[in-house]
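Please take a walk through this structure, one helix and one contact at a time. Keep the sequence and the 3D view open as you read.

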Amino acid sequence: MRGVVAALAVSLALVLQVTVFPHLAWQGIVPNLCLLVVVGAALTRGPQFAAVLGFLAGVALDLAPPADHVAGRWALALVVVGYLAGRVRQDVRPTAMAVVATVAASSFVGTSVFAISGLVLRDPALGVPDLLRVILVAVVWDVLLTPFVLPLVMRMFQALEPARTA
């Protein structure tokens, strides 16, 4: 059941990311809702679940129109994000500040991995200063949407988590 709900969450995030948010783009950059779903999964389910979800979300993001880059770049970035964000998971519920800090760090890491892989593959026509601007705007976007997206995503994943026995 968790897998089906996670796939639906990623699908909804992807559809919103490629259809609604391009109309609200800031300097041509939209928030990465798929990244926010992966971070929410990481904070509630841990690194293994989030890395797998990150791979699936990344592949979907790589293949969704209007993808204009080499496929696999977002998959790599979101696997790294899922794993790293899941490593900061604790057995206690994270504070709001910890969630925002995790999203900011995850957005920076994920967008940086995507940008660096593009430089290595000679995929984008952007220079390093332009990539730094893109990374900064992406982090700002993701942090701004955190209070609206992460509580819902985390509550959803917590509700699907089996009860732990002591």
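**From a loop into the core**

At 46% relative accessibility, Q27 counts as partly exposed, because partly exposed covers the range between buried, under 20%, and exposed, over 50%. Bear in mind that this is a predicted model. Q27 sits in the loop that joins α1 and α2. Its backbone deserves a look: phi of Q27 is near 55°, a positive value in a residue that is not glycine. Most residues other than glycine have a negative phi, and most peptide bonds are trans.

The second half of that general statement has its own counterpart here. The peptide bond from P65 to P66 is cis, and its omega is near 10°. P66 also belongs to a loop, the one between α3 and α4.

Now step back to helix α1. Its 18 residues should span 26 Å at 1.5 Å a residue, and its end C-alpha atoms are 26 Å apart, so the two values agree. Which residues of α1 are buried? They are V5, A6, A9, V10, A13, L14 and Q17. The cover over these buried residues includes α2, α3 and α6.

L12 is also in α1, but its surroundings tell another story. L12 has 53% relative accessibility and therefore counts as exposed. Together with L16, V20 and L24, L12 makes a nonpolar surface patch of about 330 Å².

Next comes helix α3, residues 47–63. This helix has 17 residues and reaches 24 Å from its first C-alpha to its last, close to the 24 Å expected at 1.5 Å a residue. Where do the buried residues of α3 fall, seen down its axis? They fall within an arc of 165°, so they line one face of the helix. The buried residues are P47, A50, A51, L53, G54, A57, G58, L61 and D62. On the other side of α3, Q48, V52, L56 and L63 are exposed. Several helices help to cover the buried residues of α3, including α1 (2–19), α2 (33–45), α4 (73–87) and α6 (128–160).

Pick one residue from that face. A50 is found in α3. A50 has a relative accessible area of 0%, so it is buried. Beyond its neighbours within four places in sequence, A50 is in contact with V38, A41, A42 and G82. Measure by C-alpha atoms and A50 lies 9.1 Å from V37, a residue 13 places away in sequence.

Follow the contact from A50 to V38. V38 lies in helix α2. Is V38 buried or exposed? At 0% relative accessibility, V38 counts as buried. Setting aside residues up to four places away in sequence, V38 touches A50, L53, G54, A57, L78, V81 and G82. One of these partners, L78, is 40 residues from V38 along the chain, yet their C-alpha atoms are separated by 7.3 Å.

V37 is found in α2 as well. V37 is buried, with a relative accessible area of 4%. Which residues does V37 touch, not counting residues up to four places away in sequence? They are A9, V10, A13, L53, V153 and F157. The pair V37 and A9 is 28 residues apart along the chain, and their C-alpha atoms are separated by 7.1 Å. A9, V10 and A13 are among the buried residues of α1. L53 is one of the buried residues of α3, and both V38 and V37 touch L53.

Finish in helix α5, residues 96–121, where T111 has its place. T111 is buried, with a relative accessible area of 7%. Again leaving out residues up to four places away in sequence, T111 touches W74, I135 and A138.

To retrace the route, start at the exposed L12 and its nonpolar patch. Then turn to the buried residues of α1, cross to V37 in α2, and pass through L53 to the buried face of α3. From A50, return to α2 by way of V38.

Key:
Residues are numbered from 1 along each chain as its sequence is written. This is a predicted model: local features need pLDDT of at least 70, side-chain atom pairs count only at pLDDT 80 or more; totals for chains, interfaces and linings use all residues. Side-chain values use heavy atoms; hydrogens and water are left out. Helices (H or I, at least four residues) and strands (E, at least two) are DSSP runs, numbered from the N terminus. The expected span of a helix is 1.5 Å times one less than its number of residues. Buried means under 20% relative accessible area, exposed over 50%, partly exposed in between (1.4 Å probe, protein chains only). The arc is that of the directions from the helix axis to the C-beta atoms. Contact means heavy atoms within 4.5 Å. Patches are made of residues with over 30% relative accessible area and no salt bridge: like charges are joined within 9 Å, nonpolar side chains (Val, Leu, Ile, Met, Phe, Trp, Tyr) within 5 Å. Accessible areas come from the Shrake-Rupley method with a 1.4 Å probe; for residues, only the protein chains shown count as cover. A salt bridge is a side-chain nitrogen of Lys or Arg within 4 Å of a carboxyl oxygen of Asp or Glu.
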